[in-house]
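Here are some points to go through with the structure open beside you. They start with a term that the later remarks depend on.

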Amino acid sequence: MENVLKVRGLSKYFGKRKVVDNIDLNVYAGEVLGFLGPNGAGKTTAIKMIMGFLSNDGGEIEICGYNVKKNYEEAMALVGGIVENPDMYKQFSGRMNLDMYARAHGGISETRIKEIIQMVSLENRINDKVKKYSLGMKQRLGLAQALIHKPKLLILDEPTNGLDPAGIKELRDILKKFAHEENAAVLVSSHQLAEMQLMCDRVAIISNGKILCEKNIDELGREDGMRPLYKFTVDNVSLALEILGESAEADGEETVLLRTEKEGVPSAVAELSKAGVGIYEITKEENTLEDAFIEITGGVSYIA
Amino acid sequence: MRKLNALYINELAKVVHKPFYIIVVAIIVAAMFLTGVAGNMSVSGTYYYIEDQVISSSYFKDNLEFLRKDISFCDSNIENYASEITKTIEKLLDDNEYEDKIFVYSDSKVIDSLYQMSYEFSNYYYYTQQIAQYERYEKYEVNNISYLMECVDKISRNEAAKAFETRYEKLCEDYPLWAEAAKSNDFKNMVPAEIPDKTEDVSFYEEVLEQKDYKQYIEYQNKLVSENKSLSDEAKALAIKANELKLAINPDGTDNSQSIRERENAIDEYVKISTMAIEGVDSRGTILTPAEIEEYRAMSAELELAIKKAPVGFGAEKDDDRELFSQMMISVGMGIASLAVLLYAATTISDEIQSGSIKMLIITPVKRSKIFLAKLFAVMTVIASYGVIIFLSFILFNNIFGFGAAPVIFTAITGKVTSIGYYLYIFWDIVLDMLKLFVYASFAIMLSALLRNSALSICVTMFEYLAVSNVLPLIIASFDGVTVDVVKAVMPEASISLSEKIFMQNYPFVQSGAGALIELPKLPDTSFLFALIYTAVLLLVLFYIGFDSFCRRDIK
């Protein structure tokens with residue numbers, strides 16, 4: 001597999017604080033890599049260095065073999081993306097924004113512009129001024145601009161912000177299709193694990209400016225911390241804890257938390273009923289990134 | 001190159017698609033049009049603003065004869081200037097088309113010299129008149145003593161003056177106390193008895209002036225006229241009528257406004273010219289030829305008409321005002337364009353950074369240096385576009401309002417007096433103004449990249465543009481022991497303007513505004529080459545700071 005983005009020993013200081021600490025990262029053609037980490041972990045800083053917004057205080061960035069420092073224009077010609085919010089020229093129409101980007105990039109046909117507008121379903125609103133767009137529409141326009149030149153590397157920073165569930169699904173489909181069909185590399189940053197699980201082939205987890213691990217998404221799913229968490233509201237917490245064993249823990253006076261696969265729920269209910277524990281309610285808690293991190297980092301708090 | 005071109009087109013698209021640009025264009029055109037309308041209505045009083053900068057052809061026409069005859073009066077530099085200007089004017093006056101519409105643009109040195117020369121002429125004539133009077137009446141007005149001595153000093157290079165000097169010396173011998181008082185300007189200790197026949201009049205005159213009784217003063221003037229034995233009855237009647245006219249326009253003599261003063265001057269001029277036409281003798285006592293008398297009659301008739309018609313008198317002929325408004329259209333257009341350009345330049349980078357749209361630029365596969373250059377070229381283009389709009393509007397309105405387009409005379413950089421077509425002059429004037437604006441705009445771009453804050457960058461730019469080059473030199477100069485050379489060394493831009501260099505219109509800051517109030521000495525001239533090199537170095541420094549700041553700093 002072609003290594004589209006190769007980052008080695010990348011570092012960045014803001015004043016005396018080291019925000020990105022010696023990170024290595026590979027993104028291969030045809031895959032979607034999730035760049036996972038809480039707010040302030042250094043995701044956006046790393047992305048901004050890759051995209052040329054920030055200078056780096058150490059390390060090398062190569063895109064398809066082009067060194068970003070030495071061959072800036074060649075390297076950047078292969079990159080598309082959105083950093084933080086898709087900030088366009090608000091006083092101009094979506095179409096004018098795309099035209100300006102296409103002109104600066106060069107070699108983008110009128111047919112391609114129309115095609116990309118259709119792809120992000122903006123054909124009815126493309127001539128409206130961007131200031132009249134909703135956040136979701138701006139995200140779509142940003143995506144259109146990021147994809148218009150068929151980049152080899154697509155970088156999206158928190159792309160689902162402001163999208164409705166249908167929009168998120170659509171984005172997911174577009175990204176997967178783009179990565180797999182165009183054989184492009186996609187780097188998506190997010191702090192939402194569930195979203196990453198559905199969207200990515202692989203994740204790199206970043207905390208405190210360091211990459212903690214890189215894992216395949218199914219590998220990550222097998223981590224204990226990635227198993228679902230069920231919340232049992234019961235009448236006897238101590239008895240329930242006794243029955244459910246080590247995988248359960250108390251959470252307040254009436255609730256017990258149990259980490260298990262879904263297959264484990266019926267047996268737990270049966271055992272609790274058998275022991276005479278009254279069950280009022282069972283809810284499934286979404287997996288949180290914190291859980292994953294606690295697991296991966298061995299329970300060390302990661303929030304800076 | 002292709003990418004730079006694409007970014008440049010993008011920058012222009014941004015400019016054109018914003019309402020700001022269109023609004024500014026509309027304001028420029030409207031303001032120029034309204035200035036034209038005002039000029040067409042010939043609003044009075046504005047003539048005087050440019051009096052120091054522009055000498056109208058009528059001035060030269062009046063003095064042409066003197067310039068021709070008495071050029072040897074002056075020192076050789078002034079003589080050369082004067083003779084060159086005279087020749088050029090004479091040539092242009094031959095084309096009747098331009099009569100009375102020629103304006104002479106020159107540096108202040110030339111103008112000062114010409115005024116000085118004119119002053120010397122008038123002194124000379126006044127002085128010879130006094131001699132004539134003295135010879136006729138053998139008496140002298142006390143007030144004229146110091147003036148007379150000044151005249152003697154000024155015209156001592158002239159043969160006629162030398163002759164007078166001898167007579168003046170005799171006067172001093174005859175009246176030693178008078179002479180002594182005159183030398184020390186001590187009129188109070190003068191012995192009145194030494195001035196025969198005039199003593200009474202003198203005290204009366206002084207009293208009148210002290211009481212500021214204008215009516216009595218006019219009566220006194222009339223009395224002098226009627227007693228004047230050398231005047232014909234017709235001339236006397238004219239002078240008395242003129243004095244009454246003066247009394248009518250300024251009944252108590254307290255109205256000191258420019259327009260009244262000009263009207264009074266016009267009346268004096270009318271009396272002078274008319275008297276010469278009636279008597280057939282000029283103020284020096286030379287007998288006039290019939291052709292000259294005819295000329296003076298025509299002038300007298302014109303003046304009479306002017307006095308009756310012109311609300312502001314002789315000094316503000318209609319044509320002069322109109323010429324002024326023609327030029328004011330350019331100033332108004334340039335003023336608005338300058339502010340608009342500076343607002344645009346001061347925000348061109350900071351706005352993108354503050355709004356976040358800079359990301360759109362950074363993610364394009366183009367080096368930041370090209371983005372910066374594209375912005376710089378866009379600012380240059382906007383400046384040029386305003387220049388074109390101003391020039392075209394000027395031609396249009398100048399024709400609509402019929403302001404005329406007589407050639408312009410100026411002292412070229414080579415020192416030669418030359419003339420060019422009016423529109424060509426305006427064209428170069430605009431080009432050079434735009435170059436000057438570009439220097440300020442470069443400063444604004446630099447600030448925009450450096451401060452990354454539009455409000456701050458606008459404030460500093462406007463402060464620099466409106467205040468620094470005028471106020472700061474004055475502040476520096478206000479410290480004890482600071483000479484003009486120090487001011488010049490600290491702030492060379494205060495005395496540098498390429499357009500002023502090329503058209504030799506040296507009016508450094510001290511001649512206008514606050515500088516004029518505290519009467520700072522004029523900055524010494526800098527050479528054109530120095531101005532050119534200084535401007536180039538300044539531009540390079542500004543570009544470097546802006547470029548470096550934009551290209552190397554992180555965009556967070």
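1. Accessible areas here come from the Shrake-Rupley method with a 1.4 Å probe. By that method the accessible surface of chain A comes to about 13600 Å², and 46% of it belongs to carbon and sulfur atoms. Please keep in mind that this is a predicted model.

2. As for the make-up of chain A, it has 11 helices and 14 strands. Of its 304 residues, 53% count as buried. Among the contacts in chain A with a separation of 6 or more, 68% are between residues 24 or more positions apart.

3. The next element to look at is a sheet of chain A, in which six strands form an open arrangement with the order 6-7-8-3-9-10 and mixed pairing. Strand 6 and strand 10 (210-216) of chain A stand at the edges, and because each has a single partner strand, one side of each is left without a neighbour in the sheet. From one strand to the next, the twist averages 15°.

4. Strands of a sheet pair through backbone hydrogen bonds, and they may do so in a parallel or an antiparallel way. Strand 9 (residues 202-207) and strand 10 of chain A pair in the antiparallel sense, over six bridges. One place to see this pairing is A:Ile206, whose bridge partner in strand 10 of chain A is A:Ile211. Helix 5 of chain A packs on the sheet, where it touches strand 6 and strand 7 of chain A, and its direction makes about 170° with that of strand 6 of chain A.

5. Helix 5 of chain A (residues 135-147) can be checked for length: at 1.5 Å a residue its 13 residues should span 18 Å, and this agrees with its end C-alpha atoms, which are 18 Å apart. Since a residue counts as buried when its relative accessible area is under 20%, it is worth noting that 11 of the 13 residues of helix 5 of chain A are buried, so this helix is largely enclosed by the rest of the structure. Among the buried residues are A:Met137, A:Lys138, A:Leu141 and A:Leu147. What do the buried residues of helix 5 of chain A pack against? Their partners include strand 6 (79-82), helix 3 (94-105) and helix 6 (165-181) of chain A, together with helix 16 (358-362) of chain B.

6. A last point concerns chain B, where B:Asp233 lies in helix 11 (residues 233-249). Because its relative accessibility is 63%, B:Asp233 counts as exposed. B:Asp233 and B:Ile278 are 45 residues apart in sequence, while their C-alpha atoms are 9.9 Å apart in space.

Technical notes
Residues are numbered from 1 along each chain as its sequence is written. Chains are lettered from A and ligands numbered from 1 in the order in which they are written. This is a predicted model: local features need pLDDT of at least 70, side-chain atom pairs count only at pLDDT 80 or more; totals for chains, interfaces and linings use all residues. Side-chain values use heavy atoms; hydrogens and water are left out. Helices (H or I, at least four residues) and strands (E, at least two) are DSSP runs, numbered from the N terminus. Buried means under 20% relative accessible area, exposed over 50%, partly exposed in between (1.4 Å probe, protein chains only). The expected span of a helix is 1.5 Å times one less than its number of residues. Contact means heavy atoms within 4.5 Å. Two strands pair if DSSP finds at least two bridges between them. Axes are lines fitted to C-alpha atoms, for helices over the stretch in contact, and angles run from 0 to 180 degrees between N-to-C directions.
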